[in-house]
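Please walk me through this structure, with an eye to its charged pairs, its inner space and how far the model can be trusted.

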Amino acid sequence: ADQTDPWLADAAISKQLEDRKVSQLITVINGLGHAVRGKESEDRKLAAERIGKLCSPPEFDLRAPKTETSDYALRKRLLDPATKAMENWNSSGEDLATRQHVGAIYLAMGRVTQRSGLGNSNESYTHFSKSNEWHPRFEALVGRGRALLTTGRPKITQELAEIVDAMEQFPDHADDSGLLGLRGIHRVRASRVEADRARKRELLNQAITNFKRAMESKVQDEFESWTIEWLSQAHLESAFHSPPPVGLSELQMENSRGWHLDQARRYAQKAIDEYERRFQPENAYNALGNAYEDHALYLGDVYRQESADSPFQRENYTKSIEAFSTALTKIDSLSNDAEIRTALTLWNRGRSRFRFGTGSTFLSKGDGKREEPTKLLPDDESASLLNEAESDLKEAIKLFAAANWKERQAETYVWLGRLQGSFADRERKSEAQKSLDTGINLAKEAGSSYWGSYVLDAIA
């Protein structure tokens, strides 16, 4: 940065710098370029020490507008040249104090890019990883684990296990919500590739326990709602591995399918109602949409008591689609992660529209393995929903492809293929196998045994 930089010369920004009493930091940044060009370790040590003073954990206001004059933008503007200048530094040749300062700089940059919307998940992941390379920190591992989940990197579950193992080496943080939350997420993901059904349930129970402990932790941040949203997801996946209900009384029993689904809905609603400062506001609505969708899918009209034409299943699918549509309106368009977050929500809505349009339910065979149709809508309404579903899924695929997230692409191609296979039109129906084949290939490229087996099951 330079004092003549047009960004710094802007009157509004200059006033903001003055108001925050950080104008002296410009001098620090200006001096950094000279310091890091020197080959002496003393130069690097001095530069790292001065820049490190910028990096005490900031107070993040998630409701603040994402503008170039915000606290986030100011901090990022000051730290960008620091991290760029340090790209070629080697931690092995520096003393402890320098390593600590450089680690703090990368940690601060990771936090800014992760929480502000001014960077994307891959940037945040890189900054947190570099922070840990320079000086291992529990906070950097937490940030890296959270960023990892939306990077589209291969073998996410395996890497997440390694991160959780590293976090567990910090005994003073055993009850930290960051560790408990990421351990819970790992257990959910691990359950998806576990073949043994009893072991799946065990892993999901461990996840639920960890999420509940995280909610009770005294060490909390704005990711608390994220933990509750994942708790909702863990209950949803537990429902899939619970026996199908045969009557209303069974739904009230703890650990029954209906009980898990009800817990999923309750926790999603809790995140919406009680946590205004949510990390990604749309996630709670996605969780709620998933809960309503799976109520319709797994329970059908099992609550029906009074009449044969109870709208229970139709209402739940409708509420699911409404929740996903609301989620789309909560995504900050200025966020650098906006497209990937939009893709995830479109995939959710497209899947729910497909299931509603085809009247999907698991109750017909009762084995929890195969969806069978029941007519829920007039033909014209069903056709309209399926067209909308196809549009959602195709747009999601484009956005996942742009982010090179092959695992999610594979998953979405599965749903697109199944949707296309439901069309009466031969030309559209002929695209189904192509979509499923693409899903298989992408699952293999992503190293995703979970979605590879899912695709094969869908074709069978």
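Which residue forms a salt bridge with R199? The partner is E202, and the closest N and O atoms of the two are 3.0 Å apart. Keep in mind as you look that this is a predicted model. Both E202 and R199 belong to helix 11, which covers residues 197-216, and they sit three residues apart, about one turn of the helix. As for their surroundings, E202 is partly exposed at 40% relative accessibility, and R199 is partly exposed too, with a relative accessible area of 30%.

That pair is one of the 24 salt bridges that the structure holds. Another is worth finding on your screen: the side chains of E407 and R189 meet in a salt bridge, with 3.6 Å from N to O. Here the two partners come from separate helices, E407 from helix 19 (residues 406-421) and R189 from helix 10 (residues 177-193), so the bridge ties together parts that are 218 residues apart in sequence. Are these two residues buried or exposed? E407 has a relative accessible area of 19% and is buried; because the cut-off for buried is under 20%, that value is enough. R189 is buried as well, with a relative accessible area of 11%.

Now turn to E293, which forms a salt bridge with R355. The closest N and O atoms in this pair are 2.8 Å apart. Once again distant parts of the chain are linked: E293 lies in helix 15 (residues 282-299) and R355 in helix 17 (residues 338-358), with their positions 62 residues apart in sequence. E293 counts as buried, at 0% relative accessibility, and R355 also counts as buried, at 7%. The pair does not stand alone, since E293, D294, R351 and R355 are linked in a network of salt bridges.

Next, the empty space. Rolling a probe the size of a water molecule over the atoms shows where such space is left. How many cavities of 30 Å³ or more are there? The count comes to one, and the largest cavity has a volume of about 50 Å³. Its lining is made up of R146, S177, G178, G181, L182, I185, F211, F223, W226 and T227. Helix 10 and helix 12 (224-240) are the elements that give two or more residues to this lining. Helix 10 provides the largest share, five residues. You have met helix 10 already, as the element that holds R189. Sorted by class, the lining of the largest cavity has five nonpolar, four polar and one charged residues.

Finally, how much weight can each region bear? Across the protein chain the mean pLDDT is 79, and 72% of the residues reach 70 or more. Confidence is highest in helix 9 (residues 156-167), at a mean of 96, and lowest in helix 1 (residues 6-9), at 42. Two stretches deserve a careful look. Over residues 57-63 pLDDT stays under 50, and the model has 17 contacts beyond four places in sequence for them. Residues 455-460 also stay under 50, with 14 such contacts. Where pLDDT is low, the predicted coordinates should not be read in detail.

Definitions and conventions: Residues are numbered from 1 along each chain as its sequence is written. This is a predicted model: local features need pLDDT of at least 70, side-chain atom pairs count only at pLDDT 80 or more; totals for chains, interfaces and linings use all residues. Side-chain values use heavy atoms; hydrogens and water are left out. A salt bridge is a side-chain nitrogen of Lys or Arg within 4 Å of a carboxyl oxygen of Asp or Glu. Helices (H or I, at least four residues) and strands (E, at least two) are DSSP runs, numbered from the N terminus. Buried means under 20% relative accessible area, exposed over 50%, partly exposed in between (1.4 Å probe, protein chains only). On a 1 Å grid over the protein atoms alone, a cavity is a set of points where a 1.4 Å probe fits but cannot get out, and a pocket is an open set with protein on both sides within 12 Å along at least five of seven lines; lining residues have an atom within 4 Å of a point. Grid points are joined across faces, edges and corners, and a volume is the space filled by probe spheres set on the points. Ala, Val, Leu, Ile, Met, Phe, Trp, Tyr, Cys and Pro count as nonpolar, Asp, Glu, Lys and Arg as charged, and the others, Gly among them, as polar. pLDDT is the predictor's confidence in each residue, from 0 to 100. Contact means heavy atoms within 4.5 Å.
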